[in-house]
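These notebook entries record what I looked up in one protein structure. I began with charged side-chain pairs and then turned to the fold, the interior and the surface.

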Amino acid sequence: MGLYVEAHIRAELDELWERTQDPAQHRRWDLRFSEIDYLPRAEGEPQRFRYAVRVLPFLTVSGTGVAAGERERPDGTRTSALRFVSPHPLSPLARGSGYWRYVPDAHGVRFLTGYDYRPRWGVLGALTDRLVFRPLMGWATAWSFDRLRLWLERGITPERARANWLAELAVRALLLAGCLTGLWPDPAVEVFGPFAADADRLGPVLSALVIPLALFKAPLACTPAARRCLRAPAAQTRTPSVLRTLEKHG
């Protein structure tokens with residue numbers, strides 16, 4: 001089953017196109033890539049590119065791909081499609097294909113993607129992909145789309161958005177740690193004074209209130225969140241015809 005992510009972004013189509021088609025800007029907001037570079041091409045050939053992902057401080061997995069785009073269509077939409085392959089033996093995916101679609105409306109642009117790939121490592125790889133890697137890729141795609149939205153709508157740079165996300169994660173983790181390690185009673189007595197006569201009972205009460213907030217409270221408006229994106233199409237979406245162009249070039 002392929003992956004699908006959709007975000008609605010209140011921005012001009014040309015600006016969104018530039019932030020997604022320029023490799024230098026693309027790698028700033030897309031969590032899935034640490035490097036994206038176009039490769040030289042002859043006139044009339046589709047654009048080829050190299051990508052890399054740093055999975056560990058001293059391990060980078062790379063691959064190559066081919067891209068083509070339709071800048072204008074009769075219905076006002078734009079499409080960008082690609083195929084990619086990674087020969088690196090440690091890459092969990094061997095090859096795949098996908099597309100981006102840009103659908104303008106009265107309030108901005110529906111920016112959506114659909115893609116799929118073939119995992120590596122046989123049966124073990126397929127099982128690992130289904131349980132771990134594919135859900136992680138879907139989350140990373142949605143999180144990245146929301147980071148792009150914040151950049152275009154609110155001027156929050158991708159670097160600042162990541163810092164906001166890490167800071168919010170740290171606060172949630174500290175709150176959970178305080179609840180689970182029983183560090184609430186003494187500070188609570190100092191804060192609530194005469195209203196906290198029984199600290200032993202106050203700790204569990206505070207934990208019961210704080211744990212759901214730390215786990216389930218919606219992220220701040222300045223923090224990227226995968227949950228803000230659609231993870232399934234509202235209606236059936238056809239694979240763009242530009243994918244057939246890529247098939248001709250292998």
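**Entry 1. Salt bridges.** I worked from a predicted model. My count of salt bridges came to 14. I then examined several of these pairs individually.

I looked up Arg78 and found its side chain in a salt bridge with that of Asp14, at 2.7 Å from N to O. Arg78 belongs to strand β5 (residues 78-85) and Asp14 to helix α1 (residues 13-21), so this pair ties together parts that are 64 residues apart in sequence. I also checked how far each partner is covered. Arg78 has a relative accessible area of 9% and is buried, since buried means under 20%. Asp14, at 49%, counts as partly exposed.

Next I turned to Glu35 and Arg50, whose side chains form a salt bridge at 3.0 Å, N to O. I noted that this pair links distant parts of the chain, with Glu35 in strand β2 (residues 35-38) and Arg50 in strand β3 (residues 47-56), 15 residues apart. Glu35 is partly exposed, with a relative accessible area of 26%. Arg50 is likewise partly exposed, and its value is 31%.

The third pair I examined was Arg149 with Asp146, a salt bridge of 2.6 Å from N to O. Both residues lie in helix α3 (residues 122-154), three residues apart, which is about one turn of the helix. I recorded Arg149 and Asp146 as buried. I then asked which residues are joined with them into one network through salt bridges that share partners. The network consists of Arg10, Asp146, Arg149, Glu153 and Arg228.

**Entry 2. Overall fold.** I counted seven helices and seven strands in the protein. Along the sequence, I read their pattern as β-α-α-β-β-β-β-β-β-α-α-α-α-α. The protein has 250 residues, of which 42% are buried. I also looked at contacts between residues at least 6 apart in sequence, and 58% of them join residues at least 24 apart.

**Entry 3. Nonpolar cores.** I looked up the largest nonpolar core, which has 20 residues. The members that touch the most other members are Ile9, Leu16, Trp29, Tyr102, Phe111, Phe145 and Leu148. I listed the elements that give two or more residues to this core: β1 (3-9), α1, β6 (93-105), β7 (108-119) and α3. Helix α3 supplies the largest share, six residues.

I followed Trp29 further and asked which residues Trp29 touches, leaving out those up to four places away in sequence. Its contacts include Phe111, Phe145 and Leu148, and these three are also listed with Trp29 among the core members that touch the most others. Trp29 also touches Arg19, Thr20, Trp100, Ser144, Arg147, Trp151 and Pro158. Apart from the largest core, I noted another core of 10 residues, among them Leu3, Tyr51, Leu93 and Phe133.

**Entry 4. Surface.** The accessible surface of the protein comes to about 14500 Å², and I noted that 60% of this belongs to carbon and sulfur atoms. I then looked up a nonpolar patch on the surface, formed by Leu127, Leu131 and Val132. Together these residues have about 310 Å² of accessible area. Was Leu131 buried or exposed? I recorded Leu131 as exposed, at 60% relative accessibility. Leu131 is found in helix α3, the helix that also holds the buried pair Arg149 and Asp146.

Terms used: Residues are numbered from 1 along each chain as its sequence is written. This is a predicted model: local features need pLDDT of at least 70, side-chain atom pairs count only at pLDDT 80 or more; totals for chains, interfaces and linings use all residues. Side-chain values use heavy atoms; hydrogens and water are left out. A salt bridge is a side-chain nitrogen of Lys or Arg within 4 Å of a carboxyl oxygen of Asp or Glu. Helices (H or I, at least four residues) and strands (E, at least two) are DSSP runs, numbered from the N terminus. Buried means under 20% relative accessible area, exposed over 50%, partly exposed in between (1.4 Å probe, protein chains only). A nonpolar core is a set of buried Ala, Val, Leu, Ile, Met, Phe, Trp, Tyr and Cys residues joined through side-chain atoms within 4.5 Å. Contact means heavy atoms within 4.5 Å. Accessible areas come from the Shrake-Rupley method with a 1.4 Å probe; for residues, only the protein chains shown count as cover. Patches are made of residues with over 30% relative accessible area and no salt bridge: like charges are joined within 9 Å, nonpolar side chains (Val, Leu, Ile, Met, Phe, Trp, Tyr) within 5 Å.
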